[in-house]
Amino acid sequence: MGPADELLDPERRELITQLLDIIGETQADSIGWAFLWFADLRVIRKLIEKSRNDPDVSISLATMLGKNDKLTNLIKAWGVRFRGAAQSDEDLEAEEMETKDTPTKKRRRALSSSKVSRIPKWAGKQNPGLSAETTVCATARPEDIPLSPKKATLRNAKKLCKERDNNTCILTGFREPLEVAHIYPTSLGKRGEDDLQSFWGILRYFWTLETVSTWKEQVLGPDGPDTCLNLLCLVNTAHKLWEKARFALKPLSLSKDRKKLTVQFYWLPTNKYRREMPITEVPGPFPRNLCSSIVNSQHYAKLYNITTDTKLCSGDILTFETSDPVGHPLPSMELLNMQWVLHRVLALSGAADATDEELDHDPDMLRGQITRVCEEDTEWDSEEEVEEEVEEEVEEEVEEEVEEEVEEEVEEEEEGEDSQSVSEREGWEKVTAETPRLRGMRHTTFKENLRIPQDLPGFRPPRSKDANQKDERRQKGQEEQASEEESPSALGFRSPNIH
């Protein structure tokens, strides 16, 4: 048995030929072509019957198989382009140190999740001059950060997955660097209702209602896709290869007690995406004896079992086990079947390696796709770098606030408002007394203990340097004017009519 033996079935070729003759469609892009060739034969038979009796069905199917945004969106939703975002996507997944986010995202989370006074406090010894409310946490662990219910659910699901898989890659036995992978992309679970209906509706064009419903039921529960049933542990290299459809897992059987799951491993071939091709073109068979990922006839990647020290090859049988099928359930057979189908479509179509410009109708204007969450980010900063970036961001915000208050004071001085209200004094006190504490997070100075004597007679808040310079220029100008009026040369300009 090979990874795509159904493509060699003579009946499939005959039925597809009949269908295309009825709808009159001869061209498609490689995505529509791949969907059709992996479609359920029962669905193809029904489409032939309906197309003969209803011209609208024929037109609709012809449109679907042509260069269609909906099919492109679906395969992009499933493909690598948005799967990496699913785990680090736009939210703080703070449950694991393996979370991969850009420094910008980390700074935004540290600042947007709370004001300065709510930044997690450092449990160690504090500088006596620093306010407890403004202490920045330099060593806060992700598990100490309060999470929303959704994020807490994902953290718990990942914890259960790691416990079930014994903190080990289920393919290679590697224990590090370990990642928790989603079978059904978690990014799809964050889409709107209309987008999800479109996603599931398109699948029903090619697979039976019963099949699509079983897939759908696995991810539409109260926890969505963030359940132990939808997760498995993979070493990071295997995770990336899986996302790019370099291999797929074919589910074989699940024991009656649901404690043992058997799957078959297959490397998948790579193909080039084509914007237009004959839809009647018969796909070539998938290789059966691969022991590596092959791209452009070259070996690109291999996976090894660390226990047996052997290569992972197509056709290898793998067994996953759990001692607690209720609390730590094995990966869903239904979701693995969905992965088996769509990964092969992804590989056959070539969409896994296609660019957005190649996949989009108009290369000059990429449309907002329904599944575009964020691009995969592989950067990882050390804890020290993240700490410095958060502190710098806090300092920048404080400096901006100070500059705004100084500018306001300068404007008041220029308008001749000499008197200062009590509230303005308090505002200046905050600027001069509190700001040094915030900006002193890195370098402690004597200003941290500065106290302004408010009860002194004639107390006025400090003036900015710009305001002092303007007063000096104004006074100098007045002195020069007075000097000119008193000088003898100034008398020559008086009116001659004065006696």
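Aspartate 353 is partly exposed, with a relative accessible area of 39%. In this predicted model, aspartate 353 pairs with arginine 246 in a salt bridge whose closest N and O atoms are 2.9 Å apart. The structure holds 11 salt bridges and one disulfide. The points below cover these links, then the charged surface patches and some details of the backbone.

**Salt bridges**

- Side chains of opposite charge can pair when their charged atoms come close.
- Arginine 246, the partner of aspartate 353, is buried, at a relative accessible area of 9%.
- Aspartate 353 sits in the loop between helix H12 (333–349) and helix H13 (356–359), and arginine 246 in the loop between helix H11 (236–243) and strand S4 (247–254), so their salt bridge ties together parts that are 107 residues apart in sequence.
- Lys244 belongs to the picture as well: salt bridges with shared partners join Lys244, Arg246 and Asp353 into one network.
- Another salt bridge brings together the side chains of arginine 45 and glutamate 11, at 2.6 Å from N to O.
- That pair links distant parts of the chain, with arginine 45 in helix H3 (residues 41–53) and glutamate 11 in helix H1 (residues 10–23), 34 residues apart.
- Arginine 45 is partly exposed, with a relative accessible area of 37%, and glutamate 11 is partly exposed with a value of 37%.
- Aspartate 165 and arginine 164 also meet through their side chains in a salt bridge, at 2.9 Å from N to O.
- Both aspartate 165 and arginine 164 are buried.

**Cysteines**

- A disulfide is a covalent bond between the sulfur atoms of two cysteines.
- The one disulfide found in the whole structure joins cysteine 291 to cysteine 313, with an S to S distance of 2.2 Å.
- The link between cysteine 291 and cysteine 313 is right-handed, with 110 degrees about the S-S bond.
- Cysteine 291 lies in the loop between strand S6 (277–278) and strand S7 (293–295), and cysteine 313 in the loop between strand S10 (310–311) and strand S11 (317–321), so the disulfide ties together parts that are 22 residues apart in sequence.
- Cysteine 291 is partly exposed, with a relative accessible area of 25%, whereas cysteine 313 is buried at 15%.
- Cysteine 161 has its closest cysteine sulfur in cysteine 233, but the 3.8 Å between the two sulfurs is too far for a bond, because a disulfide needs the sulfur atoms within 2.5 Å.
- Cysteine 161 is buried, with a relative accessible area of 0%.
- For cysteine 228, the closest cysteine sulfur is that of cysteine 161, and the distance of 5.4 Å is too far for a bond.
- Cysteine 228 is buried too, with a relative accessible area of 5%.

**Charged surface patches**

- Lys46, Lys50, Arg204 and Lys216 form a positive patch on the surface.
- Lysine 46, one of these residues, has its place in helix H3.
- Lysine 46 counts as exposed, at 55% relative accessibility.
- A patch of negative charge on the surface gathers Glu400, Glu403, Glu404, Glu405, Glu407, Glu408 and Glu411.
- Glutamate 411, one of this group, has its place in helix H14 (residues 383–414).
- Glutamate 411 is partly exposed, with a relative accessible area of 49%.

**Backbone details**

- Most residues other than glycine have a negative phi, and most peptide bonds are trans.
- From glutamate 176 to proline 177 the peptide bond is cis, with omega near -10 degrees.
- Proline 177 is found in the loop between helix H8 (149–164) and strand S2 (178–182).
- Asparagine 167 is also placed in the loop between H8 and S2.
- Although asparagine 167 is not a glycine, its phi is positive, at about 50 degrees.
- Asparagine 167 counts as partly exposed, at 37% relative accessibility.
- Asparagine 296, likewise not a glycine, has a positive phi of about 55 degrees.
- Asparagine 296 is found in the loop between S7 and strand S8 (298–301).
- At 64% relative accessibility, asparagine 296 counts as exposed.

Conventions
Residues are numbered from 1 along each chain as its sequence is written. This is a predicted model: local features need pLDDT of at least 70, side-chain atom pairs count only at pLDDT 80 or more; totals for chains, interfaces and linings use all residues. Side-chain values use heavy atoms; hydrogens and water are left out. A salt bridge is a side-chain nitrogen of Lys or Arg within 4 Å of a carboxyl oxygen of Asp or Glu. Helices (H or I, at least four residues) and strands (E, at least two) are DSSP runs, numbered from the N terminus. Buried means under 20% relative accessible area, exposed over 50%, partly exposed in between (1.4 Å probe, protein chains only). Patches are made of residues with over 30% relative accessible area and no salt bridge: like charges are joined within 9 Å, nonpolar side chains (Val, Leu, Ile, Met, Phe, Trp, Tyr) within 5 Å. Accessible areas come from the Shrake-Rupley method with a 1.4 Å probe; for residues, only the protein chains shown count as cover. Lys and Arg count as positive and Asp and Glu as negative; His and the chain ends are not counted. The place of a charge is taken as NZ of Lys, CZ of Arg, CG of Asp or CD of Glu.
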